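Colleague: I have a new model open and would like to learn how to read it. Could you walk me through it with me?

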Amino acid sequence: MERDETAMCLTCDIIAGKVVPAGGIIYQDDWIILHHCIDINIAGYLIVSPVRHVETYGDLHEAEIRKIGVLTKDITAILSEFNGVEKIYLASFGEETAHFHAHIFPRYKWIIDHHAQDVCLGNKIDGAKLLSICREKYKVEGQIMENDGIRDVVAKVRNRLRKKLGLQDKILQA
C-alpha cells in the first residue's frame, strides 16, 4: 500500500487551511505560498513553498522555481527595509517537513547582540549556526504562535508586497 505523503504534511495543512500561521497567509497563488514561520518567535522569519507537494528542489517545475525565485527576491528587498535587519539568510533543509520549503530569515542587530559569542569566529558570523541557535532558542512549543509583533510584520510585508506587485486585495490573504 502506498503512503500518502501529504497525509501528515504541515505545509499541506497550511495550504488546506487546517493550520493558520501567525498573521495568516501573506501570499498564495496557484504555484506558491508565503507565510510566517509557524513556530519561531522572530518577526519576519518567513517560509515560501510550492503549493504542490514535492520533497526536493529538483522535483519543482520550472514555473514553481521562477515563482519562488521572484517572490523571494521581492520579499528579501522588503524585509531589508525593516528597522534593525542587517542581512537576510535563505536556506532549505527539509529535515522537519518533507514538503520542499525555503526559509527566509532576517538577521536583526539584536540577534547578533544576544548571540555573538555563540556564532562568531573571529570577525565572521556563521549564518547556519545562527539560524540553528535561533530555531532552538525562539521556538514556540505545542501551540500556534500569535503575537502582535509578528502580526504587524506580516501585515507590513503583505501591504508592501501588494503595492510592489500591484495586486488586488483579494489575491493577498489577511
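Modeller: Gladly. Let's begin with a term: a salt bridge here is a side-chain nitrogen of Lys or Arg within 4 Å of a carboxyl oxygen of Asp or Glu. Keep in mind that this is a predicted model. In one such pair, Glu-86 meets Arg-107, with the closest N and O atoms 3.5 Å apart. The two are 21 residues apart, Glu-86 in strand 4 and Arg-107 in strand 5, and they link distant parts of the chain.

Colleague: Are those two partners buried or exposed, or something in between?

Modeller: The cut-offs help here: buried means under 20% relative accessible area, exposed means over 50%, and partly exposed lies in between. Glu-86 has 42%, so it is partly exposed. Arg-107 has 11%, so it is buried.

Colleague: How many salt bridges does the rule give?

Modeller: The count comes to eight. Another of them joins the side chains of Lys-139 and Asp-39, at 2.4 Å from N to O. Lys-139 sits in the loop between helix 4 and helix 5, while Asp-39 sits in the loop between strand 2 and strand 3, so this pair ties together parts that are 100 residues apart in sequence. Lys-139 is partly exposed at 28%, and Asp-39 counts as buried at 16%.

Colleague: And what about Glu-62 and Arg-66, where do they lie?

Modeller: Both belong to helix 2, four residues apart, which is about one turn of the helix. Their closest N and O atoms are 3.7 Å apart in a salt bridge. Glu-62 is exposed at 60%, and Arg-66 is exposed at 53%.

Colleague: Let's turn to the sheet. In which order do the strands come?

Modeller: Five strands form an open sheet in the order 1-2-3-5-4, with antiparallel pairing. Strand 1 (25–28) and strand 4 (85–91) stand at the edges with a single partner strand each, so one side of each has no neighbour in the sheet. On average, neighbouring strands are turned by 15° against each other, direction ignored.

Colleague: How do I follow the pairing from strand to strand?

Modeller: Count the bridges and look for residues that face each other. Strand 2 (residues 32–36) is joined to strand 3 by five bridges, and Ile-32 has Pro-50 as its bridge partner in strand 3. Three bridges connect strand 3 with strand 5 (residues 102–108), where Leu-46 stands opposite Ile-104. Between strand 4 and strand 5 there are six bridges, and Tyr-89 stands opposite Phe-105 of strand 5.

Colleague: What packs against these strands?

Modeller: Helix 3 (residues 109–119) lies across strand 4 and strand 5, at about 80° to strand 5. Helix 5 (residues 148–165) packs on the sheet and touches strand 1, strand 2 and strand 3. The direction of helix 5 makes about 30° with that of strand 1.

Colleague: Why is strand 3 largely enclosed by the rest of the structure?

Modeller: The general idea first: in a regular strand the side chains alternate between the two faces of the sheet. Now check each face in turn. Leu-46, Val-48 and Pro-50 are buried on one side of strand 3, and Ile-47 and Ser-49 are buried on the other, so both faces are covered. Five of the five residues of strand 3 (residues 46–50) are buried, so the strand is largely enclosed.

Terms used. Residues are numbered from 1 along each chain as its sequence is written. This is a predicted model: local features need pLDDT of at least 70, side-chain atom pairs count only at pLDDT 80 or more; totals for chains, interfaces and linings use all residues. Side-chain values use heavy atoms; hydrogens and water are left out. Buried means under 20% relative accessible area, exposed over 50%, partly exposed in between (1.4 Å probe, protein chains only). Two strands pair if DSSP finds at least two bridges between them. Axes are lines fitted to C-alpha atoms, for helices over the stretch in contact, and angles run from 0 to 180 degrees between N-to-C directions. Contact means heavy atoms within 4.5 Å.
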